[in-house]
Amino acid sequence: MAHPSIVILTGAGISAESGLGTFRDEGGLWAQHRIEDVATPEGFARNPQLVVDFYNARRAQAAEAVPNAGHAALARLQAEHPGDVLLVTQNVDDLHEKAGSPDVLHMHGALNSALCGACEQRWPAPLEMHVGEACPQCDAPTARPDIVWFGEIPYQMERIEQALLNADIFAAIGTSGNVYPAAGFVQMAAHVGAKTVEMNLDPSETVALFEETRPGKASETVPEWVASILGS
Ligand code: APR
């Protein structure tokens, strides 16, 4: 096909070589913190300071992180591929943006965004958030990290599903395939006949659903894959 439409899903593995921890690898974030304490609305209600501290630490680390060749390759693809490219990330860091990617769809929210728990206003998050900060829109003391916690609805699902229905190629990069709805995107793409490819250090939970796998580090596999798409 002349200009295939491409949907890309990235996960924590693409940011691993930039020094940001993944969740489920050895010693990952979920080995250090209980999901129910730092990544659920109930955890935030129970101990907002613990949650605000958790995301402040991740925001500070992400602020220092530098994109790697995997992020750069995706920005190159978006710039040079004549067909549609939708970059969906489960990551909350801004390494895709730092690498030059336009229009990154953060389906699990973003560290650099703050959200009002009362009126749903969003604004750029300060490097350090505090419990009980006032919303700039409604003034309620309900500022929270703009992160989609377990039990909450990922962002822009209609837009993602529409893109998957029109996809000619679906690529999953650096994600373990443990968390839905993201882990189900490969099935939606395969259902409409898209070519599916996984680029991961270890086989994901859904590796069997992919037509093609390119095992290895994202900083190596992604530039190779992008070069194969762009023909150079
Ligand atoms: N290059 C490519 N893949 C890598 C690399 C690397 N350098 N390092 C690790 N990986 C792979 C691992 O093999 C693993 O399959 O990245 C994947 C990371 O998996 P997870 O830690 O589960 O992260 P992710 O899939 O992004 O988690 C999804 O779960 O906790 C929630 O909201 C959170 O967005 C997150 C979601």
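Visitor: In this predicted model, is threonine 40 buried or exposed?

Guide: A residue is called buried when its relative accessible area is under 20%. Threonine 40 has a relative accessible area of 9%, and therefore counts as buried. Threonine 40 sits in the loop between α3 (35-38) and α4 (41-46), and, once residues up to four places away in sequence are set aside, it touches Ile35, Trp149 and Phe150.

Visitor: What is the relative accessible area of glutamine 78, and where is that residue found?

Guide: The value for glutamine 78 is 16%, so this residue is buried as well, and it belongs to helix α6, which covers residues 69-80. Apart from neighbours within four places in sequence, glutamine 78 is in contact with Val85, Leu87, Ser101, Pro102 and Asp103. For proline 102 there is a further detail, since its backbone oxygen lies 3.2 Å from a polar side-chain atom of glutamine 78.

Visitor: How should I read the sheet, and which strands are at its edges?

Guide: In general, the strands of a sheet pair through backbone hydrogen bonds, in either a parallel or an antiparallel way. Here the sheet is open, with 6 strands in the order β3-β2-β1-β7-β8-β9 and parallel pairing. Its edge strands are β3 (104-106) and β9 (212-213), each of which pairs on one side only.

Visitor: How many bridges join β1 to β7, and which helix lies across these strands?

Guide: Strand β1 (residues 6-10) is joined to the parallel strand β7 (residues 169-173) by 5 bridges, and isoleucine 8 has alanine 171 as its bridge partner in β7. Helix α10 (residues 218-230) lies across β1, β7 and β8 (195-199), and runs at about 165° to β7.

Technical notes:
Residues are numbered from 1 along each chain as its sequence is written. This is a predicted model: local features need pLDDT of at least 70, side-chain atom pairs count only at pLDDT 80 or more; totals for chains, interfaces and linings use all residues. Side-chain values use heavy atoms; hydrogens and water are left out. Helices (H or I, at least four residues) and strands (E, at least two) are DSSP runs, numbered from the N terminus. Buried means under 20% relative accessible area, exposed over 50%, partly exposed in between (1.4 Å probe, protein chains only). A polar contact is a pair of N or O atoms within 3.5 Å; within protein, one must be able to donate a hydrogen and the other to accept it, and residues adjacent in sequence count only if both atoms are side-chain atoms. Contact means heavy atoms within 4.5 Å. Two strands pair if DSSP finds at least two bridges between them. Axes are lines fitted to C-alpha atoms, for helices over the stretch in contact, and angles run from 0 to 180 degrees between N-to-C directions.
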